[in-house]
Structures are given as C-alpha cells and as structure tokens.
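Hi everyone, thanks for coming. Let's take a few minutes to look at one chain together, from its overall build down to a single helix.

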Amino acid sequence: MPYNDTFLRACRRDPVPYTPVWLMRQAGRYMPEYRAIRARLGFLELCHDPAAAAEVTVTAAERLEVDAAILFADILLVLEPLGLGLQFTPADGPVLTRPVRTPDDVSRLPDFDPAALSFVYDAVRLARRALHIPLIGFAGAPFTLASYAIEGGGSRTYIHTKNLMHRYPEAWHALMEKLVNAVAAYLREQIAAGAQAVQVFDSWVGCLTPWDYRRFVLPHMRDLFAALPEGVPAIHFGTGTSGLLESMRAAGGSVIGVDWRIDLAVAWQRIGYDRAIQGNLDPVVLLADRDSIRDHVHEILRQAAGRHGHIFNLGHGILPVTPVDHVRYLVDLVHNVSAANARRVR
C-alpha cells in the first residue's frame, strides 16, 4: 500500500486532503484480536514481548484504517528500572509496591538505564517495518509518572504527591529532574528505533492549580521537550487541563492535545494557531448511536474551521465496552466529512 503521511503533515500544519485521525488506546480490550492475545499473556508479559506488542499495534491500526499507529506499551514501564516494584493487578490496575514518599526515597532512586527497556525499542522496529502509516512512540510525563510513583498507584486526591511537592520542594524538583532525564532518554531511543512522532501523556496534571503547574511542572516539561530531537513531532497531551493550556504551550510540544471539557475552537485560540491541535471527542460518545457520533464529529470539525494542523482524536482513551463498528464508523466519518469540507474550500 502507498505510504500515508497525512498525520505527520498535519503535525507540521501543512495542507492535507482530509483531517487525519488516530485514537488513544486504539489497541485495547474493546477489540477481539487484543483479547485473544491477552488470553495467553498477562499485561506486563505482553508489554515485554516485542513481537506480541508489535502485532497488537499493527492489527489495531489496520483494522481501524487510522492515519497513525501508536506503539502498544504502558506509560509506567519507564518506572520499572527505578526499582519501584511495578505490578498490574486485575482489581486495582497499576501498583507500585515501593512508593517514593520522602526526600530520602528520592535520593535513593538509581539512574535510569534506557537499555533496560530494549524490548520496547524492538517492538518499535517490528511495528515500523509492518506499517504503511506513521508510528507514534510515547511516554508518561514527569508529573504523571511522579504521581504514580508517590501514590503507589492511581489516586483521586493526590494527597501524597502534593504533600511532597509542597513540603519538600527541593526533593520534588530533584525527582522531576530524574524523571525528565529518564523520559527524554526513553523517547530518544524510541525515535532512534523508528518512531516518527511521540506523545507525552500528562494524564493527571489537571489536578494542579495553574500557579503550581507553573512552579513545579512547567520548567521540567520545557527541559523535556528541549531534549528531544528537532523535527520529530511531539504531542503534549493532558486531561482536565483547560486551565493550563497557555502554560502547556509555553512548556513545549508541536501539537497540544486537549480533552472534551473545552470547545476545540476555544482551546485552539488560547493555544495559538501556530501550534497544531489534537482532539477532542468524548470517548463515551462512541457508546451512543451513529446519529450522536455524526453530530459530534460535525461539531468538532466545524470548530476546527478547516485550519491546517487539526488531528482528530478522543479526549482520552477508547473505553473497553466500545463497539468496534462504532470506532470504524467514526474513522470513516472523519475522513469523508473533512475531505468533503476540504474540497469545498478549494
């Protein structure tokens, strides 16, 4: 098949014949092919198996006919070499059995060795060879990784994270510097292996006030993006970040990903039209009927107003109960409607 670089052109805000689309968690439990592999491999086993991870990556992209594939992995893999005891449990999801709670805990963390995650880079190479669309690598952002490392898992209040941040700011900044170095090295290795773009997931940073983001996160995110190779699109994504968009722009990223809690038109105006934007369908809409999906797609494309640099995506990952045919319908609809809009503009 001919190579499709529409996604990469949109990241650069170049003209495209239609709006490219890919979806977070497009390889996941909603898809029978994924469930078949998970029936024989645990989650971490799958992440550690380059051939299986590449298969999941490629199968989802081909089944959905999206414009970019995203590597199958997990944002917390980068914490494994730091000795925090990463586990995945059926009931509680990710658990860190040795959390970081004190300045002494931070000082005891080892330096990150990117070679410890060589299985991820092998998966990148395998997937890249099988794809006719760009491959996106990814990592968790330092704040989101820190929140898991400190809380020992997911959280609703982030009490331990904010306690360390406010009571021990020097230790907090030391932790963030360690994580910036780790994430930057990890992403550079993915790019060297063949990833043509990367996404940095700051999934939980929306729990912060804008002032705290500017003091405790923004400088470190700026260092992270500055450490990535020039010319490789970097998507800066967060959820619940409507109050942080200007600061996220200042932190870096050639594309800013937004969730559904803000109109795309408003978000893009605040970010600035000299940056590409990604988003922002509510994932729950994919559980509704086709009329609802169609109405939401038309509204998001209307708000994008045909500007160069829009990448259609969800505001977070596909939910496990989502019908596969609804996802295929969404992808086809975005392609067809945006192509018709582009022809009218020409």
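The chain has 15 helices and nine strands, where helices (H or I, at least four residues) and strands (E, at least two) are DSSP runs, numbered from the N terminus. Its radius of gyration is 19 Å, close to the 20 Å from the globule rule for 346 residues, so the chain is as compact as a globular protein of that length. That radius is taken over C-alpha atoms, and the rule is 2.2 Å times the number of residues to the power 0.38.

A word on the source: this is a predicted model, in which local features need pLDDT of at least 70, side-chain atom pairs count only at pLDDT 80 or more, and totals for chains, interfaces and linings use all residues. Residues are numbered from 1 along each chain as its sequence is written, and side-chain values use heavy atoms, leaving out hydrogens and water.

Along its principal axes, the C-alpha trace spans about 60 × 45 × 35 Å. Of the 346 residues, 56% are buried, meaning under 20% relative accessible area with a 1.4 Å probe, protein chains only.

Now for my favourite part, helix α7. Ten of the ten residues in α7 (residues 142-151) are buried, so this helix is largely enclosed by the rest of the structure. Among them are P142, F143, Y148 and E151. So what covers the buried residues of α7? The cover includes strands β3 (93-96), β4 (135-140) and β5 (197-202), along with helices α8 (159-167), α9 (169-193) and α11 (218-226); contact here means heavy atoms within 4.5 Å. Just after α7, G152 takes a positive phi of about 85 degrees.

Conventions
Buried means under 20% relative accessible area, exposed over 50%, partly exposed in between (1.4 Å probe, protein chains only).
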